[in-house]
Amino acid sequence: MTRRGRGMTIDWRCALCVFFAVATTVAAARDVVHVRLQDRLDRPRDGYCLDIVGTGSNLRLDLPLFAHNCKSGPTPDSSVRVSREGWLRFPGPGVCVTAFGVNNTVLPGTAVLLRPCGHQSAFFDASRLQRFDWQSNGQLRLRGFDVCLSVGEDSAETFSPADRWRVLLLARCTEVPLRLSAWERAPLR
């Protein structure tokens, strides 16, 4: 159905499509956050967030994910979309937080990698190793396993003395302190 007026032709179906596309984009943008450790540890002003090593066109998707002091605003290396399916997806580079595992087994202390969501390749079916469930205590538990996303005890400077990083790993949920494993969704500012 079209309507003419003042020299314009409006297709109402098209207008509705545009409206729903914009509404969906706005809703999806609300799902994009920083995943920040609840305890700020040695970073009282900004805390630690999930982060990809590198910046801009130099993101190192081949290296393990780490925790870095949180940045202000949306960035491709630290903005995460939390999906209903349990994926923690970095929309900029289009990769998901992925546990390292062999033969569908994940061991405590394992590294956290980045792979496309649903990735499958020889010797590495990541599709089962990418879904996390947010627990009531703030822990992010790998679905089907007794391991949760955690940071290490120690921190160190990055390339700038003003910035710090911590190792990111999967630890047994019942054994890792909440100060190292309870996360929150922090709005992008």
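These are my notes on what I looked up in this predicted model.

**Ground rules.** I number residues from 1 along each chain as its sequence is written. Local features need pLDDT of at least 70 and side-chain atom pairs 80 or more, while totals for chains, interfaces and linings use all residues, and side-chain values use heavy atoms, without hydrogens and water.

**Confidence.** I checked pLDDT, the predictor's confidence in each residue from 0 to 100. The protein chain averages 86, and 84% of the residues score at least 70. Over residues 8-28 pLDDT stays under 50, and there the model has 13 contacts (heavy atoms within 4.5 Å) beyond four places in sequence.

**S83.** I found S83 in the loop between β6 (80-82) and β7 (88-90); strands are DSSP runs of E, at least two residues, numbered from the N terminus. S83 is buried (under 20% relative accessible area, 1.4 Å probe, protein chains only), with a value of 10%. Its side chain reaches the backbone nitrogen of W87 at 3.0 Å.

**Core.** I looked up the largest nonpolar core, a set of buried Ala, Val, Leu, Ile, Met, Phe, Trp, Tyr and Cys residues joined through side-chain atoms within 4.5 Å. This core has 37 residues, and L50, L88, F90, L149, L170 and W183 have the most contacts inside it. Strand β16 (residues 164-172) gives the largest share, four residues. Leaving out residues up to four places away in sequence, I noted that F90 touches, among others, L50, I52, L65 and V80.

Technical notes
Buried < 20%, exposed > 50% of the residue type's maximum accessible area, 1.4 Å probe, protein only. Polar contact = N/O pair within 3.5 Å; in protein donor to acceptor, adjacent residues only side chain to side chain.
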